Amino acid sequence: MEGVCRTVNKACEYCGNPFWVDEFDKNEVRRLYCSDFCRSEAWREKAKERIRVGKRTYNVGCEICGKIFLTNRSTNKTCSPECHHQRELRLKREQSRKRREDIKNGIIKRPEKQKKVETLTEVQRKAQAAGMTYGKYMEQQFLKQLQEERERNGRTKDVHKESDR
Ligand SMILES: [Zn+2]
Ligand SMILES: [Zn+2]
């Protein structure tokens, strides 16, 4: 039915309180806890449990807030889901910054498709071979391109194509 917000009744995995989520919201439906508080408490409990049953524990300084916390995985970098989220954001930012730098330094190529561009001398050579001046040749090429474009587009509206640099 339209306009009716359908909900699903769930029980918080941490405190057991019932809560409702929109059954059409995929993220919501996957929610296990009634609140952020329960989510992070549950996370901490699970971490503690892992440490209890784990063979080794590590004292790790959180990369985000600097707090020392216990974990049984030396690869854990953060003390809580909040810090974990912050770290993900930071990594993403760093990745895109590095990517921009790599592109600038020519280490990686810009992902956009690259059009084969004829060099000036190549064009001049072709123009000469066709017995035309450079300007005339370019005009011919441009008209040819325009014609091809029109044929491709069929009867659709006249497309004004700017010649690519
Ligand atoms: Zn709860
Ligand atoms: Zn932290």
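Of the 24 residues of helix α3, the number buried is 0, so this helix lies largely in the open. The model examined here is predicted. In it, α3 covers residues 81-104. At 1.5 Å a residue, its expected span is 34 Å. The C-alpha atoms at its two ends are 35 Å apart, which agrees with that expectation. Just after α3 comes G106, with a positive phi of about 75°.

Helix α5 can be described in similar steps. It runs over residues 134-153 and has 20 residues. From its first C-alpha to its last, α5 reaches 28 Å. This is close to the 28 Å expected at 1.5 Å a residue. The number of buried residues in α5 is 0, so α5 too lies largely in the open. A residue counts as buried if 20 or more other C-beta atoms lie within 10 Å of its own. G154 follows α5, and its phi is positive, near 60°.

The chain as a whole gives the setting for these two helices. It holds 5 helices and 4 strands. Read along the sequence, these elements follow the pattern β-β-α-α-β-β-α-α-α. The pattern thus opens with two strands and ends with three helices. Burial was also computed for the full chain. Of its 165 residues, 3% are buried. Contacts were then sorted by separation in sequence. Among those between residues at least 6 apart, 14% join residues at least 24 apart.

Definitions and conventions: Residues numbered from 1 in each chain as written. Chains lettered and ligands numbered in written order. Predicted model: local features only at pLDDT ≥ 70, side-chain atom pairs only at ≥ 80, totals over all residues. Buried ≥ 20, exposed ≤ 12 C-beta atoms within 10 Å, placed from the backbone. Contact = placed C-beta atoms within 7 Å. Expected span 1.5 Å × (residues − 1).
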